[in-house]
Amino acid sequence: MAVDYGLKGHAAVVTGSTSGIGQAMAHALAEQGVDVILNGFGDPAQIEADRRALEARTGVRALYHGADMTRPAEIEDMIDLARREFGRLDILVNNAGIQHVAAVDEFPPEKWDAVIAINLSSVFHATRAALPIMKAQGRGRIVNIASAHGLVASPFKSAYVAAKHGVVGFTKTVALETARQGITCNAICPGYVKTPLVEKQIGDQARTHGIPEDRVVAEVILASQPNKAFVTYEQLAGLMCYLVSDLGASATGSAYSIDGGWTAA
Ligand code: NAD
């Protein structure tokens with residue numbers, strides 16, 4: 001990233017950063033000179049190769065912690081790893097998330113519990129563990145990756161919509177509690193981002209419906225997104241870097257939409 005946000009020497013934890021948006025946010029922070037703790041599931045050899053490549057490319061320290069976001073004690077240990085290894089924690093990006101799509105009366109209770117645990121409760125557990133470190137430093141930045149579904153609903157995504165609305169509410173409460181302590185807490189609410197999962201869906205749907213991929217994108221995937229364009233990693237990283245920099249000091253307790261106009265309707 002060409003812009004220098006003055007973050008060199010800071011330390012961050014990014015949950016769910018072995019893939020997609022979280023990986024892009026961790027890479028953007030590393031490119032700004034921020035030491036990062038990576039987290040998430042995946043092939044251990046691939047995760048280690050990616051971690052080494054990130055360190056080699058950016059010159060920061062990149063560590064991996066395999067905390068399962070459904071397990072509070074593991075989340076606490078991951079946050080403490082930043083204190084143990086970096087001696088500080090400036091930035092927490094709560095990003096890990098999953099989706100399950102089903103009608104409410106057919107929604108498997110164990111899927112409900114998993115979505116709420118990973119998408120909402122983990123944000124509480126990580127924040128709870130991070131705040132004492134940030135308060136002692138007199139500075140901290142928390143960015144929660146919510147969703148357009150933190151502001152509006154869609155059918156068949158009850159657990160996800162409930163969790164993401166919960167994240168937006170939690171964000172506001174943390175912001176109020178920490179407003180005098182140099183700490184900010186904000187949510188970013190993206191529309192559709194072309195992650196590997198979405199990319200696969202485009203091909204699958206094109207084959208299923210027998211229509212070209214650009215029509216699948218505009219009419220199926222981006223049906224609710226007025227600009228008919230995916231949100232990019234760079235666009236999300238730009239806002240995230242602003243929020244965690246000194247420039248973002250007065251921006252707290254807000255939910256920022258980057259959704260091509262979706263929630264304006
Ligand atoms: P992704 O599937 O590419 O990445 C999810 C990450 O979370 C992975 O690293 C995965 O290993 C990790 N994860 C999942 N369960 C975990 C667990 N129990 N413990 C630890 N890590 C776990 O997804 P993505 O599309 O990059 O989504 C990232 C975040 O952005 C999610 O919170 C999602 O709701 C949100 N979001 C995504 C989009 C989109 O269009 N992709 C839009 C709005 C919001």
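Here is a short chat about the ligand and the hollows in this predicted model.

Me: How many residues surround the ligand, and which are the closest?
Reply: Let's start with who is around it. The shell divides into 13 nonpolar, twelve polar and two charged residues. Helices α1 (20–31) and α5 (158–178) each supply at least two residues of that shell. Altogether 27 residues surround the ligand, and the closest are Thr18, Ser19, Ile21, Asn95 and Tyr160.

Me: Which side chain has an N or O atom 3.1 Å from a nitrogen atom of the ligand?
Reply: Let's go through the polar partners. Ser19 has a polar side-chain atom 2.5 Å from a ligand oxygen, and Lys164 has one 2.8 Å from a ligand oxygen. Those two face oxygen atoms, but the question is about nitrogen. The side chain with an N or O atom 3.1 Å from a ligand nitrogen is that of Asp68.

Me: What share of the ligand's exposed area does the protein bury?
Reply: Picture the ligand by itself for a moment: taken alone, it exposes 830 Å². Put the protein back around it, and the part of that area that gets buried is 87%.

Me: What is the volume of the pocket that holds the ligand?
Reply: First, find the right pocket: the space the ligand takes is the largest pocket. Its lining has 40 residues, with Gly97, Ile98, Tyr160, Thr195 and Leu197 nearest the centre. The volume of this largest pocket is about 1,200 Å³.

Me: Which helix gives the largest share of that pocket's lining?
Reply: There are a few candidates here. α1, α5, α6 (196–209) and α7 (213–221) each supply at least two residues of the lining. The largest share is five residues, and it comes from α6.

Me: Which element gives the largest share of the lining of the largest cavity?
Reply: The structure holds two cavities of 30 Å³ or more, and the largest has a volume of about 80 Å³. The elements giving two or more residues to its lining are α1 and α2 (44–58). The largest share, four residues, comes from α2.

Me: And what gives the most to the lining of the second largest cavity?
Reply: This cavity has a volume of about 50 Å³, and its lining includes Asn95 and Lys164. Two or more lining residues come from each of α4 (109–137), β5 (140–145) and α5. With four residues, the element that gives the most is α4.

Terms used. Residues are numbered from 1 along each chain as its sequence is written. This is a predicted model: local features need pLDDT of at least 70, side-chain atom pairs count only at pLDDT 80 or more; totals for chains, interfaces and linings use all residues. Side-chain values use heavy atoms; hydrogens and water are left out. A residue is near a molecule or strand if one of its heavy atoms lies within 4 Å of it. A polar contact is a pair of N or O atoms within 3.5 Å; within protein, one must be able to donate a hydrogen and the other to accept it, and residues adjacent in sequence count only if both atoms are side-chain atoms. Accessible areas come from the Shrake-Rupley method with a 1.4 Å probe; for residues, only the protein chains shown count as cover. On a 1 Å grid over the protein atoms alone, a cavity is a set of points where a 1.4 Å probe fits but cannot get out, and a pocket is an open set with protein on both sides within 12 Å along at least five of seven lines; lining residues have an atom within 4 Å of a point. A molecule sits in a cavity or pocket if more than half of its atoms lie within 2 Å of its grid points. Ala, Val, Leu, Ile, Met, Phe, Trp, Tyr, Cys and Pro count as nonpolar, Asp, Glu, Lys and Arg as charged, and the others, Gly among them, as polar. Grid points are joined across faces, edges and corners, and a volume is the space filled by probe spheres set on the points.
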